[in-house]
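Visitor: Could you take me closely through one part of this model, the place where two helices pack against each other, and then through the charged pairs found elsewhere in the chain?

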Amino acid sequence: MALQCGIVGLPNVGKSTLFNAISSAKAEAANYPFCTIEPNVGVVTVPDGRLKVLEELVNPQRVLPTVIEFVDIAGLVKGASKGEGLGNKFLANIREVDAIVHVIRCFDDENIVHVAGGIDPLFDKEVIDEELQLKDLESIEKKILKGEKIAKSGDAKARKELEILKAFRDGLISGKNARSIDVEKEDLEAVRDLHLLTIKPVLYVANVDEGSILTGNAYVDRLREKALEENAEVIVLCAAIEAQIAEFEDLEEKQMFLEEYGLEESGLNKLIAGAYNLLNLITYFTAGVQEVRAWTIQKGWKAPAAAGVIHTDFEKGFIKAEVIKLDDYKQFKSEAACRDNGKIAIEGKEYVVQDGDIMHFRFNV
């Protein structure tokens, strides 16, 4: 499954610089709003050390990691919900992604203008929140108008749905994002067809200066405090450093560069891990002499659904799954040795796939 994250933010927060650094595509970066007109899509390999372990053990013809897509969406300004700037295009592009990566400027630089004239991460966050909330409110109110007519007829289901819609409306009016509104899980069905913008999970990226990459700064502290209110994660990185990291092709040189800054991993790695956690994703593997491959699924999926990401026939004709744990594969060095030592579990349709499982599916169509 291809995970797609939309990178959003006000103009000149480092959004396109970050996109350029982490993706194979190149968005234009410039010191003025709207330099990114059409959304740029970049496909990035998901780093996973477990693939390297399997490659050394299996010695396959090829290794295929899983990937994540980042979409660099045009910078937003106040009034986007009413069509200001590139508002309509911006909002339409957000509607298509799985999750939102909201880049917020947490650094001072007098040479890079800010649309509000000063650095205030909470202002940046609230501008985008407000525009998305207004658009969602518009969608909710339209559905309420239709629902009221049906509810008046005495339709119990319509009355219940109307109550849920009004709960979302009231929450949005009070300044809450839809994902923060307290409703039962089954109540979300009432707004599913609206594809609300603020119901999408969000990951905040605090773009800091080089000196703040390890300890953060006052701007980051304020952002973290605010993000805590909606149980959202904040990742701290420096887009300028990420741009330099992207220039290294040699892994050893890249590691040396990271060590110079006291970093154990790049911001990209943290960003991808954060995105996976945000969408509740895990990885399982298939391993054979032709190919070692990583597959992304939702946490909690059972074996047939996991098989279906390889091919729909695998799910339709699922018989069983042979499962090896990575630690066992590392200990016994091969699938045959795992089998000889009783380390291959035979699992049925109710097996819940675990992160890191090495799987082989048996099916019949």
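Guide: In this predicted model, the contact to begin with is the one in which P121, L122, K125 and E126 of helix 4 meet Y219, R222, L223 and K226 of helix 6. The residues of this contact divide into four nonpolar and four charged, with no polar ones. The axes of helix 4, residues 121-151, and helix 6, residues 218-228, come within 9 Å and cross at roughly 40°, and the two helices are therefore oblique to each other.

Turning to charge pairing, a search of the whole structure finds 20 salt bridges. R50 takes part in a salt bridge with D48, where the closest N and O atoms are 2.8 Å apart, and R50 also forms one with D355, with a closest N and O separation of 3.1 Å. This second pair links distant parts of the chain, since R50 belongs to helix 2 (residues 49-58) while D355 sits in the loop between strand 11 (345-347) and strand 12 (358-363), 305 residues apart. R50 has a relative accessibility of 22% and so counts as partly exposed, and D355, at 43%, likewise counts as partly exposed.

A pair within a single helix is formed by R339 and E335, whose closest N and O atoms lie 3.2 Å apart; both residues are in helix 13 (residues 335-340), four residues apart, or about one turn of the helix. R339 counts as partly exposed because its relative accessibility is 40%, and E335 counts as partly exposed at 29%. Finally, salt bridges that share partners join K125, D129, R179 and E230 into one network, and K125 is also one of the helix 4 residues that meet helix 6.

Notes. Residues are numbered from 1 along each chain as its sequence is written. This is a predicted model: local features need pLDDT of at least 70, side-chain atom pairs count only at pLDDT 80 or more; totals for chains, interfaces and linings use all residues. Side-chain values use heavy atoms; hydrogens and water are left out. Axes are lines fitted to C-alpha atoms, for helices over the stretch in contact, and angles run from 0 to 180 degrees between N-to-C directions. Angles under 35 degrees count as roughly parallel, over 145 as roughly antiparallel, 65 to 115 as roughly perpendicular and the rest as oblique. Contact means heavy atoms within 4.5 Å. Ala, Val, Leu, Ile, Met, Phe, Trp, Tyr, Cys and Pro count as nonpolar, Asp, Glu, Lys and Arg as charged, and the others, Gly among them, as polar. A salt bridge is a side-chain nitrogen of Lys or Arg within 4 Å of a carboxyl oxygen of Asp or Glu. Buried means under 20% relative accessible area, exposed over 50%, partly exposed in between (1.4 Å probe, protein chains only).
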